[in-house]
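Open the model in your viewer and keep the selection panel at hand. The tour goes stop by stop.

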Amino acid sequence: MNRLFRPLPALLLGLAATFAGGSALAQYAGEEESGPWQEAPIPPAPALSSRNLVAVELPEYSTLKVGVDLDSVELGKDGVVRYVMQLQSREGARSAYYQGIRCRTYEVKTYARYDFGATPPGWQDVKTDWTDLHDARSRHAKNLARNGICESYAPPISTKEARRMIKRGKAAWMDPAGM
């Protein structure tokens, strides 16, 4: 009979940790018990740089090269991972976007796009809503979320962890000269 009750303390400790962890995750994701999630003020887009790009894995049939500027990756207090993504076609056309991914709801939002043709070139604000990452229009962000930023529906625990997750993802280092 004594052997029957030995696992009980471990079971109770595990249950307590589960409930405490769930509450911490909800608070971390910005969903306080007192109200719904609210997006934090959006920081300005970082300077465009191709010095520290990490390639985003895409299907073999894709004609684009896509990279994330690792130095631009930041985890906000609202649980949103914000970053700069650069794209280049086979023909050499380039585009860049300042975006955020919210792992908890598997959504992406574009905050700005880089206008290479402007004088001087620079960021142009874009007003978009959160979009489901399953949407075909956001396949680059979807691959970034799936192969680097999100662990299922959980955001990384810090900016450092977000950057590490992108580096360790299925993506390989991208040669900045090739972007």
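What follows is a short walk through a predicted model, from a helix to its cores and then to a single serine.

**Stop 1: helix α4.** Select residues 159-168. Which residues are buried here? They are T159, A162, M165 and I166. Now look down the helix axis. The buried residues of α4 fall within an arc of 120 degrees, so they line one face of the helix. The general rule is simple: an α-helix has 3.6 residues a turn, so residues three or four places apart point the same way.

**Stop 2: the cover.** Keep α4 displayed and add its surroundings. The cover over its buried residues includes helix α3 (139-149). It also includes the strands β1 (53-55), β2 (64-69), β3 (74-75) and β4 (80-89).

**Stop 3: the largest nonpolar core.** This core has 24 residues. Select V68, Y83, M85, I101, L144, I149 and I166, which touch the most other members. At least two residues of this core come from each of β2, β4, α3 and α4. Another core, of 6 residues, lies apart from it. Pick W37, V80, Y98 and Y111, which are among its members.

**Stop 4: S95.** Select strand β5 (residues 94-102) and find S95 in it. Is S95 buried or partly exposed? S95 is partly exposed, because its relative accessible area is 22% and buried means under 20%. Show its contacts beyond four places in sequence: S95 touches M85, Q86, L87 and F116. Finish with a distance label. S95 and D115 sit 20 residues apart in sequence, yet their C-alpha atoms are 7.6 Å apart.

Conventions. Residues are numbered from 1 along each chain as its sequence is written. This is a predicted model: local features need pLDDT of at least 70, side-chain atom pairs count only at pLDDT 80 or more; totals for chains, interfaces and linings use all residues. Side-chain values use heavy atoms; hydrogens and water are left out. Helices (H or I, at least four residues) and strands (E, at least two) are DSSP runs, numbered from the N terminus. Buried means under 20% relative accessible area, exposed over 50%, partly exposed in between (1.4 Å probe, protein chains only). Contact means heavy atoms within 4.5 Å. The arc is that of the directions from the helix axis to the C-beta atoms. A nonpolar core is a set of buried Ala, Val, Leu, Ile, Met, Phe, Trp, Tyr and Cys residues joined through side-chain atoms within 4.5 Å.
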